[in-house]
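Me: Can you walk me through this one? I'd like the overall picture, then one helix up close.

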Amino acid sequence: MKIEIADKIYFVGIQDWNLRNFHGYSTHRGSTYNSYLIMDDKIALIDQVKGQFTEQFINNVKEIVDLDKIDYLICNHLEGDHSQSLAAFSELAKNAQIVTSERGKPGFLRMYKKKWDIKAVKEGDTIKLGKRTLTFVPIPMVHWPDSMVTYCTPDNILFSNDAFGQHICRSKIFDDQNDLNKIMDEAKKYYANIVMHVSSIIMRVLKKVSEELKLDVKMIAPSHGVIWRSNVDKILEKYAYWAGRNTEEKVLIIYATMWHSTEKMAFAILEGIKQEGVEAKLYNINITDNSDIIKEVLDSKGLLIGTPTINNGMFPSISGFLTYLKGLRPPAKIASAFGSYGWSPKGGVEAAIEELKQAKIPEIIDPIKFQFIPDPEEFDECVEWGRQFAKKIKSL
Ligand code: FEO
């Protein structure tokens, strides 16, 4: 598949229609591994693809140019979805110089065990292709320490690798050819799961792009999902909003249940929150995928975690979710836990509270818990507890 995205710049990437799980991230709409071929006096290929698609990828590029005519293989990021084809590809592109960030170079050598002569570039380094120039800007931790972006002038295209990506596969590859709400929804999920924990770095990168480098970005060509050409301002605004850790007056109730007591408590708490007119969303962790819930975490002010006690601790799926949540540094301002217990009065709820503290959520409210099946009055207490939590949310 080749599509010209600008004069003599081609999309030559791979569309992975059937992908439904990307290392634990649910990809309901598939994904893509985008690669771009720039034809100038010198020829550059931006990024590689996942290993299983190597042959298809080579054929995509061959449709436009013989591989031994390529001068540069720009590798913005080491992770396998953008690099696994490199070993086979570089054997054929035998005149091409591999280009990575400084931090990428040892990573590529370690990962692929090759004696490559890699050109490592630092911030502001350039490669002149002819009428076009490529400028490199490292963006460490978006998504790995080695990550960088490549900026192409005079077209003003930002080849942003993971940044601004979305796990979505579409036959039409530009933002304006698709339903923008769906694309933004996937961009939000991608940000929440891949980028949220490095929001401060995103803020610095956005500042650098606008204030220091003064890049007049006309197109953002990420390595996953559609290319931004008509909504560049909108996705930049969204990134600034998410990176600012802004939250909305919204509570997420996330729970597991064994014999439905914790579930009934969850619904009673939901009722209390609704009575206060605060938006709430409720998820049984055993039904909804972690990565879909994390998308909602991105802009939620409050988090409530429900768990029964099992073996003196949390329900395993809640434990797994909180482990994932902690690493992503959620922007929530307030949180608590609730649940039913059996023989041991201390266990799941207390463990969940400890995890929420480790997630560095600033305010943790005293939890609520009841033994076995709560009485009607105790369910009323849950409603009231939900109301008080919602009032706190409104006061922040
Ligand atoms: Fe799409 Fe960090 O790889």
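What follows is a short chat on the whole protein and then on helix 4.

Me: What kind of model is it?
Reply: This is a predicted model: local features need pLDDT of at least 70, side-chain atom pairs count only at pLDDT 80 or more, and totals for chains, interfaces and linings use all residues. Residues are numbered from 1 along each chain as its sequence is written, and side-chain values use heavy atoms, with hydrogens and water left out.

Me: How many helices and strands in the protein?
Reply: There are 11 helices and 22 strands. Both are DSSP runs numbered from the N terminus: helices are H or I, at least four residues, and strands are E, at least two.

Me: What box do the C-alpha atoms fill?
Reply: Roughly 80 × 40 × 35 Å, along the principal axes.

Me: What share of the residues is buried?
Reply: 59% of the 396 residues. Buried means under 20% relative accessible area (1.4 Å probe, protein chains only).

Me: Now helix 4. How many of its residues are buried?
Reply: Helix 4 spans residues 180–195, and 12 of its 16 residues are buried. Among them are Ile183, Met184, Tyr190 and Tyr191. Charged types are on that list too, including Glu186, Lys188 and Lys189.

Me: What covers them?
Reply: The cover includes strand 5 (25–26), strand 17 (248–255), helix 5 (199–212), helix 6 (232–243), helix 8 (290–297) and helix 9 (316–327).

Me: Which residue caps the N-terminal end of helix 4?
Reply: Asp179. One of its side-chain oxygens lies 2.9 Å from the backbone nitrogen of Asn181.

Technical notes:
Buried < 20%, exposed > 50% of the residue type's maximum accessible area, 1.4 Å probe, protein only. Contact = heavy atoms within 4.5 Å. Polar contact = N/O pair within 3.5 Å; in protein donor to acceptor, adjacent residues only side chain to side chain.
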